[in-house]
Amino acid sequence: MATLLSNGQQSVMATTSNGQEQQQKQRQRQQDELEQQEQQQQVEIRKSSSPKPGAMPSLKLNRMGSVSPKDKRVYKIVLTGGPCGGKTTGQSRLCTFFENLGWKVFRVPETATVLLSGGVKFSDLTEKEAYKFQENLIRTMVQIENTYFELGNSSNRNCLIICDRGVMDASAYISKDKWEKMMAGNKWNPVEMRDNRYNQILHLVSAANGAEDFYSTEDHACRSEGVDLARELDYKSAAAWVGHPYFDVIDNSTNFETKMNRMIESVCQKLGIDIGDRLQATSRKLKYLVALLPPDSEFPPFQDFDVVHHYLQSAGPKVQARLRKRGQKNHWSYIHTQRRPNVHGQARIEVKTQLTHRDYMNLLAQRDDAHFTIYKKRRCFLINNQYFQLDIYKEPGHPRCKGLVLLETYSSLTGDALKNCMPKFLNIVKEVTGDPDYSMFNLSLKEDWSTTKKFCRSATHVKGAANGVSSTPLLLNGQ
């Protein structure tokens with residue numbers, strides 16, 4: 001029902017309305033002035049702290065561990081390995097460590113355990129049922145992971161997402177032909193499902209391989225494997241991830257406590273988090289010169305990739321920045337790497353950031369014309385529980401790179417233990433860890449080393465690499 005107002009009431013309301021409108025306009029003017037002041041302050045801040053060419057943004061922590069959206073990191077790792085390798089404990093240790101750093105941590109449950117605990121027995125399934133079960137398991141795993149990935153992207157804090165096994169683990173339980181059929185039928189490809197989906201893979205070697213006295217199936221409702229089967233599954237699960245650019249094998253060469261510390265250290269290294277001596281870091285990057293490659297038939301199962309490196313203009317002479325494009329069959333992953341100089345006596349570290357194709361193309365505009373583009377074939381393989389990358393340099397490039405082959409690995413082993421893990425089928429000439437003559441930065445320089453001022457005399461290897469290697473330039477391939 002409508003309400004009728006007297007003239008006096010209408011006059012009072014009109015006066016009140018006019019007063020409210022004036023107050024609202026005044027508040028709006030004040031708000032506009034504040035916004036203009038804030039915008040001007042932001043412009044001044046950008047002018048004074050704009051990033052130099054090749055530089056990636058550093059993390060700026062706000063209260064309660066939150067970071068600005070443009071600086072936030074979401075880091076996705078997979079914990080894999082055979083039975084009784086320490087995955088459950090590893091999840092807990094990583095969770096505690098990174099939460100203490102102010103990160104948000106999500107733990108993605110193992111999809112196979114969720115499904116098998118519902119009464120599924122593989123031995124009861126027909127061949128067709130087993131194939132369909134594995135296919136549905138992967139689809140379920142992808143959806144569960146995506147749920148956590150979206151939560152990580154929407155969080156206002158740096159976020160670590162720990163996956164208890166990943167998509168490629170399913171390939172360890174079916175034949176190669178069926179796996180390829182499944183991949184083709186679902187239009188999946190290894191570069192997307194293995195390399196681009198996860199930032200890092202951590203293979204925790206089963207106690208059945210190197211720590212047999214500690215192998216047990218008592219504490220896991222869905223585990224019944226004997227030592228021999230566990231050892232076989234451990235190898236298969238490791239082989240499933242061969243080819244991932246950041247694949248770390250955490251073996252049983254140390255006691256369990258040190259094994260867990262090595263695992264955490266490996267993640268911190270990839271993230272560029274300086275942990276000092278908190279975890280008694282022992283793993284280091286090793287590099288070897290290789291001559292006369294053997295036939296492919298002498299290699300263990302391997303994955304080959306095309307790799308392209310571009311060096312970028314950097315923020316200073318002690319900072320190196322580069323782009324890497326890595327792929328198979330025209331499917332690519334893109335990484336930005338920045339090597340930072342020593343600060344306050346701390347060892348040099350490198351920070352890697354995964355890029356989209358669009359980001360990669362934009363950053364290519366910052367290419368440093370003082371460097372050649374580096375082209376390689378990268379062969380990844382696993383042997384003796386050790387993950388190796390073999391870089392075979394390709395043309396076009398500087399003549400110093402012609403025929404150059406370098407082998408790289410990360411290891412905490414030394415002496416005979418390390419020697420016994422090296423691939424015997426390769427003709428390894430010598431170790432060149434930290435030798436500036438084999439630094440990709442120096443190898444890519446267009447100018448002659450004897451005249452250029454850009455030759456990096458100090459070793460540019462990451463934290464933990466060997467020291468004391470001669471810096472006298474070597475003559476390679478007739479240069």
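**Exercise 1. Work out whether strand E1 is mostly covered or mostly open.**

Solution. Start by counting: six of the seven residues in E1 are buried. Buried here means under 20% relative accessible area. So E1 counts as mostly covered. Keep in mind that this is a predicted model.

**Exercise 2. Find which strands pair with E1, and in what sense.**

Solution. Take one neighbour at a time.

- Step one: E1, residues 74-80, pairs with E3 in the parallel sense, over six bridges. To see a spot where they meet, look at valine 74, which stands opposite cysteine 159 in E3.
- Step two: E1 also pairs in the parallel sense with strand E4 (residues 200-204), this time over four bridges. Here, leucine 79 has leucine 202 in E4 as its bridge partner.

What holds such neighbours together? Strands of a sheet pair through backbone hydrogen bonds, either parallel or antiparallel.

**Exercise 3. Put the strands of this open sheet in order and name its edges.**

Solution. Now let's widen the view.

- Step one: the open sheet has five strands, in the order E2-E3-E1-E4-E5, with parallel pairing.
- Step two: its edge strands are E2 (104-108) and E5 (247-250), each pairing on one side only.
- Step three: ignoring direction, neighbouring strands of the sheet are turned by 20 degrees against each other on average.
- Step four: check the E2 edge. E2 pairs with strand E3 (residues 159-164) in the parallel sense over five bridges, and arginine 107 has isoleucine 162 in E3 as its bridge partner.

**Exercise 4. Say which strands helix H4 lies across.**

Solution. Pick out H4 at residues 127-154. Follow H4 along and you'll see that it lies across E1, E2 and E3. As for direction, H4 runs at about 175 degrees to E2.

**Exercise 5. Check the length of helix H8, then look at its surroundings and its two ends.**

Solution. Go through it bit by bit.

- Length: H8 covers residues 256-271, which is 16 residues. At 1.5 Å a residue, H8 should span 22 Å, and its end C-alpha atoms are 23 Å apart, so the two values agree.
- Surroundings: 13 of the 16 residues of H8 are buried, so the helix is largely enclosed by the rest of the structure.
- Start: asparagine 255 caps the N-terminal end of H8, with a side-chain oxygen 3.3 Å from the backbone nitrogen of glutamate 257.
- End: glycine 272 follows H8, and its phi is positive, near 80 degrees.

**Exercise 6. State how many helices and strands the chain has, and what share of its residues is buried.**

Solution. The chain has 11 helices and 14 strands. Of its 479 residues, 47% count as buried.

Terms used:
Residues are numbered from 1 along each chain as its sequence is written. This is a predicted model: local features need pLDDT of at least 70, side-chain atom pairs count only at pLDDT 80 or more; totals for chains, interfaces and linings use all residues. Side-chain values use heavy atoms; hydrogens and water are left out. Buried means under 20% relative accessible area, exposed over 50%, partly exposed in between (1.4 Å probe, protein chains only). The expected span of a helix is 1.5 Å times one less than its number of residues. A polar contact is a pair of N or O atoms within 3.5 Å; within protein, one must be able to donate a hydrogen and the other to accept it, and residues adjacent in sequence count only if both atoms are side-chain atoms. Two strands pair if DSSP finds at least two bridges between them. Axes are lines fitted to C-alpha atoms, for helices over the stretch in contact, and angles run from 0 to 180 degrees between N-to-C directions. Contact means heavy atoms within 4.5 Å.
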